[in-house]
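Subject: Handing over the model

Hi,

Here is the structure I promised to pass on to you. Could you have it open while you read? My notes on it follow below.

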Amino acid sequence: MNQAIRERTKWFMDARFGMFIHWGIYAIPACGEWVMSQREMTNEEYEQYFQEFDPTAYDPKEWAKLAKRAGMKYAVLTAKHHDGFCLFDSALTDYKATNTKAGRDLVGEFLDAFRAEGIRVGLYFSLIDWHHPDFPKYGDRHHPMRNQERYKDAQIDFDRYLDFMHGQVKELVTNYGKLDLLWFDFSYDDMRGETWRATELIQMVRKYQPDVVIDNRLEGSGENHGSIATAEPLIYSGDFASPEQIIPPEGIIDENGEHIPWELCATMNNHWGYCNFDHEYKPADMLIRKLVECTSKGGNMILNVGPDAKGRIPKESVQILEEIGAWMERNGESIYGCGISEIPKPEWGRYTQNADTIYAHVYEAPLGALPLYGIAPDRLEKVYYLADGSEMTRGEAWNTVLFQDVAFVSLGANPVFTYPLPDPIDTVLKIKIKKAAGCVREWTSLPPFLAKLFYSKSSSTGQ
């Protein structure tokens, strides 16, 4: 990872948790943001939603307050999705929110509201545009008109489309103040890299927004991280990888064995855009543990909400975010600024780490005292419950004598007794370690499997 990427992503990797917002006129048919493609709708058929769009309940200040309560440090809104409809007041098209019943720039209001809450702001922009006449249609894998023979020999000017697309990106990076993040989406087949005139696009973006953090999807996709995972990233490689709906088994490592920034993008139910029949919401405890897993592997999680056609975030999403926020209020210290621990994953949960402080995320109540795998008894200085700051008692007792290379702590007064976890979702312990020769801090640059091997050897010699 080059130094420029490292510096740009410092805040991003400290933030760890963000809000994705997929919203547009596709909220009216309420089947998700791909409805135009899935139903192979013509622009004329899709036009009805443009005419009907009237988000009378849109209040980005409430969205921002919810994101803050949930513990989210940044937010990304779909300024334009694949259907080509713009939530911002683009001078290059009439297909925009200002020409609907909304009658105003919805992106500008979003940015103002989230900045006011101290939340960093980003915009999603689709490289694809099914509304533009010069975007490829027949035979394209995704275009709504991909199967329509009448477009088979249609003449298009793709460079004219690219000029238009670049122009809209320029509007976003010049008309709305400092942006913290740009989320381009997406590349596929031969529609990637220089097909988008990617070098030219990034040079323009960096001219106006030199510090903006950019995802990898100008060349990457769900099947390929792109050159960010190589020893020599291209100018348009982006600053982080973006696995979708899956957490990488061991984080993401480049060709040199170095961990690179990445962000899991995930839905709360099974759709990005609003879907009024999708009630398969992931429970808060699952999402909290997935956020911990991302952090423990050096990654972020951006969690999506899909507001309805009126501009309201679904009540199920609100409830889940409130529950996550209650946990984050007590335990956010174990997420923000934290990352991969130098100690291998324990059987009962996960470790995260910030400098010399280790956080144990305990999911499973122990039988008797809790073994702090990877920490020798003479290295353990103090252990606290992170949620309330109370000190834990040591758990070494007559029945731990045979396991003198592992420190133990007790969840109650008697280390031999079994106690329930104070927080059944994730009880977080804040662990202070004594500095010593042979400190395992040296392992942080090693891949996890080598760290485990190194640890097994060093612990056997008493280090």
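Let me begin at the end of a helix: in this predicted model, α5 is followed by glycine 71, whose phi is positive, near 90 degrees. Within α5, which spans residues 60-69, the buried positions are Pro60, Trp63, Ala64, Leu66 and Ala67. These residues are on the same side of α5, because they cover an arc of only 160 degrees around the axis. And what do the buried residues of α5 pack against? Their partners are two strands, β1 (17-21) and β2 (74-80), and two helices, α6 (106-116) and α10 (315-331).

A second helix to look at is α9, residues 284-296, which lies across β8 and β9 and runs at about 50 degrees to β8. α9 has 13 residues, and from its first C-alpha to its last it reaches 18 Å, close to the 18 Å expected at 1.5 Å a residue. Its buried residues are Ala284, Leu287, Ile288, Leu291, Val292, Glu293, Cys294, Thr295 and Ser296. Besides β8 and β9, the buried residues of α9 pack against β1, β6 (262-266), β7 (299-305) and α10. Here, too, a glycine comes afterwards: glycine 298, just after α9, takes a positive phi of about 80 degrees.

Now to the sheets. β8 and β9 belong to an open sheet of four strands, ordered β8-β9-β14-β11 and paired antiparallel. Which strands stand at the edges? They are β8 (349-354) and β11 (380-385); each has a single partner strand, so one side of each is left without a neighbour in the sheet. On average, neighbouring strands in this sheet are turned by 25 degrees against each other, direction ignored. In the middle of that order, β9 (residues 357-362) and β14 (residues 427-433) are joined by six bridges in the antiparallel sense. One place to find this pairing on screen is alanine 360, which stands opposite leucine 429 in β14.

There is also an open sheet of three strands, with the order β10-β13-β12 and antiparallel pairing. Here β10 and β12 are at the edges, and each has a single partner strand, so one side of each lacks a neighbour in the sheet. β13 (residues 407-410) is covered on both faces: Ala407 and Val409 on one side, and Phe408 and Ser410 on the other, are all buried. β10 (residues 370-372) runs antiparallel to β13 and is joined to it by three bridges. Leucine 372 stands opposite alanine 407, while leucine 370 has valine 409 as its bridge partner. Valine 409 is also the bridge partner of arginine 394. That second link is part of the antiparallel pairing of β12 (residues 393-394) with β13, which has two bridges.

On to the nonpolar cores. As a general point, nonpolar side chains tend to be buried together in soluble globular proteins. The largest nonpolar core in this model has 104 residues, and those with the most contacts inside it are Phe114, Leu123, Phe184, Trp196, Leu321 and Ile324. Helix α7 gives the most to this core, with eight residues. Another core lies apart from it, with 20 residues, among them Leu372, Val383, Leu421 and Ile433. If you would like to zoom in on phenylalanine 184, not counting residues up to four places away in sequence, it touches Phe125, Leu127, Val169, Leu201, Ile202, Ile214, Asp215, Arg217 and Leu218.

Finally, two loop residues. Alanine 97 is in the loop between β2 and α6. Is alanine 97 buried or exposed? It counts as buried, because its relative accessibility is 0%. Neighbours within four places in sequence aside, its contacts are Phe85, Cys86, Leu87, Ala102, Gly103, Arg104 and Leu106. Serine 237 is 140 residues away from alanine 97 in sequence, and the two are 31 Å apart in space, C-alpha to C-alpha.

Histidine 142 is in the loop between β3 (120-126) and α7 (158-175). With 13% relative accessibility, histidine 142 falls under the 20% cut-off and therefore counts as buried. Again leaving aside neighbours within four places in sequence, histidine 142 is in contact with Trp34, Ser37, Trp130, Phe186 and Tyr188.

Happy browsing, and best wishes!

Notes
Residues numbered from 1 in each chain as written. Predicted model: local features only at pLDDT ≥ 70, side-chain atom pairs only at ≥ 80, totals over all residues. Heavy atoms only, no water. Buried < 20%, exposed > 50% of the residue type's maximum accessible area, 1.4 Å probe, protein only. Arc of directions from axis to C-beta. Contact = heavy atoms within 4.5 Å. Pairing = 2+ DSSP bridges. Axes fitted to C-alpha atoms, helices over the stretch in contact; angles between N-to-C directions. Expected span 1.5 Å × (residues − 1). Core = buried A, V, L, I, M, F, W, Y, C linked by side-chain atoms within 4.5 Å.
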